[in-house]
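Visitor: I would like to learn how to read the features of a structure like this one. Could you take me through it step by step?

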Amino acid sequence: MLTRLLRRLSRIPTVVRRATVVPFLVRCGIALCGILALVVSWPGELLASQFVGLLVLFVLWPAFAPRGRGATFAALVVVGGWLLDTAGYDSRVALWRVIAIATLLYLGHTLTALAAVLPYDAVVNLDVPGLWLGRALIVVLISAVLTVLALGLTRDLGGEAFQVATLVGLAAATGVTILLVRLTRRT
Amino acid sequence: MTEPIAPGWAPTRALGRSVLLTGLLLLLGVALGRVDLVLLAAPFAIGAALNLRRTPQSVPEVTITADAAHLVEGGAVQAGLTVANPEAIGYDLVVVRTKTSPWLRLEHADRPFAITVPSDGWAAIDLPGEARRWGRQDVGPAAARAAACGGLLTCRPVVTPAHGVRVYPVTEPFKATESMPAAAGLVGAHRSRRLGEGGELAGVRQFAPGDRLRRIDWRVSLRTRDLHVASTLSDRDAEVLILLDLLGEVGLSGGVEGSASVLDTTVRAAAAIAEHYLHRGDRVSVLEYGAGGRRLRAGSGRKQYLTVLEWLLDVRADPVDEEYEPVLGAHHISTSALVVVLTPLIDPRSADMLAKLTQAGRYTVAVDTLPEDAAPPVRNQWSPLATRLWRIERENVLGRLREHGVPVVAWAGAGSLDLVLRDVARMASAPRGR
C-alpha cells in the first residue's frame, strides 16, 4: 500500500511534464462541478464550519482519480448535503437549486466518465470534448424541462408530492429494470 | 430499444454509477415522498436511456500505414494510423497508442491520441517524422480502445501488429581508383595486367599474324616503314567479397547525424563499397563473420546493389562463444576475389581469420571500423589504465597483421582503400609461391 503510494507520488513530476491541456481542463471541469454542487446543496452553516475541508476533499477526489469510486462518493456527499439542508435545516425545495444540483451532478458524472477513458497526456481532437458536452447538455436540458414540469405539477395538485414521487419513481424504476435486463442479456 | 452488450464491450464504472445513483435516489424519493430526489435522478436515467438506446456490436479496426518508398537514413517518413468504425453508431472516443522504433522520430508518437470516429467511417492520424538509423524499423504495434454510449461502454483494446519500415543505410561517398589486384572475368571496367582487347594502351609492337587490321597504328607504321599495331590491356571485371565481422558491437549509435557504432560503420561502409564496385560492373558478394554466417552470392548490376542493401538491413551483432570459432575457411572464398574485411579487430579470432586468409593467398584488405573514441566503460580508478593497455595491445595486433601482409586501414570514406589496394595489387603481380 505504502509502496504503491510512494510510486504514485514519484510519478507526479512526469505526469506534470507530460500532461496536455484538454484532459487537464476536463479534470478542472469535474472539480468545478463538484465544488459548485457542494455549495448549492449543503447548508451554509456547515459550509462555513471546519468540515468544509473534508467535504471539498471528497468532491475533488474524482478529479484526481476519475477511474475510481470517487465520483460516486462525491455524488452521495452532495445528495446527503441536500437531504440535510432540506430535512434537517428546513430549507425550502427551490426549483433553481434542484435544477442546479441535478445539472452539476450529471455534468460531474459525465466529465468523470470522459476523464476515465481519456489519458492525461493524450493529444485530443477538440471535437471529442465538444460532442461529449453537447450530448450532456441535451440530457441536462431534458431533465431541466422535466423538473420544471414535475415541480409545477406538484404545486398544481396542491402539494401531493408523495403521490407524484411514487408514480414517477415507480415508472423510472420500471424503466431502469428493463434497461438492466436487456443490458445483461448476452447474444 | 436497447440491445444487449456485444462481446468485446464492457460496461464502465460510469454505467454502474448511473444505475446506483438512479436506483438510490428513486428509492429515497419514493420512501421519503420527495419528488425533488426523483428529479435529481432524472438526468442519470435519461442520460443512460439516451446513450444506451443503441449499443455497438463490433470493435474498431486499426491499420498502420508507412512509406514504402526507398527510404534512406535521415529521410522523411510519413507514417499514419487509421481507425475504422464498421458500426452504425459512432464511437464517442477512440484512444489510439502506438509504439515506434527508437530510430524513427515520429511527431507525438509517444503520446496517446484521442479521436472520434463517425459511424461507418474512419479517422486518420498522421505521424510525420524522420528515420534516424538504418535497419528494419517498426511502427507499431498499435492499440486502440473505444468508448461509446457516452462513456458507459468501452471495448477491449484492439491490437494491430507492427508495420516494418525499411530504412537503407546512407552510403558514404567512396571511390577507389586503384586497379583491382586480380580482375578475373571476361568483361568489365578494370584495366588488367594482361594484353588483350581493351581501351588502355599497353604499347606499340610489330604486326604479327592474327592481329586485327583496325589495330594497325598507321602513324608509327609510316614512320618506321613497317606495320605496327597498338597493343592494349584487356578490360576485366572482378569479384569483391565484403566480409562483415559481427562478433561484437562497440560504441553507441547516435543515428545518422550522431556517433557511429561499429555496426553503423560496417553497414554504411559495406553499402558504399558495394555501390562503388557494382557501379563499375564488378561482381560483389557479402558474407557475415559471426554465428549466423549469412552469405549473399556474387552478382552484378543495380539489382545486386538493391539486394545488398536489403541484405544489410538484417545485419545484427552476432557473437559466438569464445571457445568456438566461426566457420569460415579460405576455400569458401574465390582465389581471385578481393576480400574487404570490415572489422573492429577487438576479437582475437578476427585477427586470426585475417592472417589465415592472407596466408591462403587471398587478396585481403582489412578496414578498421572501431570508433576513435571507443573505450570500455569506466568502472573504477583502474579503468583508464586498462583502456590504455588494451589500446596498446590492439596496436600491436594491427602491427603484427601488417607484418603478415594484411593491410589495415581505417574507414574514412572516399579514397579509403586506394593506398592499400595499390599495395595489394603490387603483391598480386608478384609470383605466387605459397
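Guide: Let us begin with polar contacts: a polar contact is a pair of N or O atoms within 3.5 Å; within protein, one must be able to donate a hydrogen and the other to accept it, and residues adjacent in sequence count only if both atoms are side-chain atoms. This is a predicted model, where local features need pLDDT of at least 70, side-chain atom pairs count only at pLDDT 80 or more, and totals for chains, interfaces and linings use all residues. Residues are numbered from 1 along each chain as its sequence is written, chains are lettered from A and ligands numbered from 1 in the order in which they are written, and side-chain values use heavy atoms, with hydrogens and water left out.

Visitor: How many residue pairs are in polar contact between chain A and chain B?

Guide: There are 13 such pairs, with both residues at pLDDT 80 or more. Helices (H or I, at least four residues) and strands (E, at least two) are DSSP runs, numbered from the N terminus. On the side of chain A that touches chain B, α9(A) gives the most, with 15 residues.

Visitor: What area is buried between chain A and chain B?

Guide: Buried area is the accessible area (1.4 Å probe) that two parts lose on being put together, summed over both. Here about 5,100 Å² is buried, and carbon and sulfur atoms give 72% of it. Counting contact as heavy atoms within 4.5 Å, 62 residues come from chain A and 58 residues from chain B.

Visitor: How many salt bridges cross the interface of chain A and chain B?

Guide: A salt bridge is a side-chain nitrogen of Lys or Arg within 4 Å of a carboxyl oxygen of Asp or Glu. The rule finds two across this interface. In one of them A:Arg135 meets B:Asp92 at 3.4 Å, N to O.

Visitor: Which residue forms a salt bridge with B:Glu73?

Guide: The partner is B:Arg268, with the closest N and O atoms 2.6 Å apart. B:Glu73 lies in the loop between β3 (71-72) and β4 (76-84) of chain B and B:Arg268 in helix α4 (residues 262-279), so the pair ties together parts 195 residues apart in sequence.

Visitor: Is B:Glu73 buried or exposed?

Guide: Buried means under 20% relative accessible area, exposed over 50%, partly exposed in between (1.4 Å probe, protein chains only). B:Glu73, at 5%, counts as buried, and B:Arg268, at 4%, counts as buried too.
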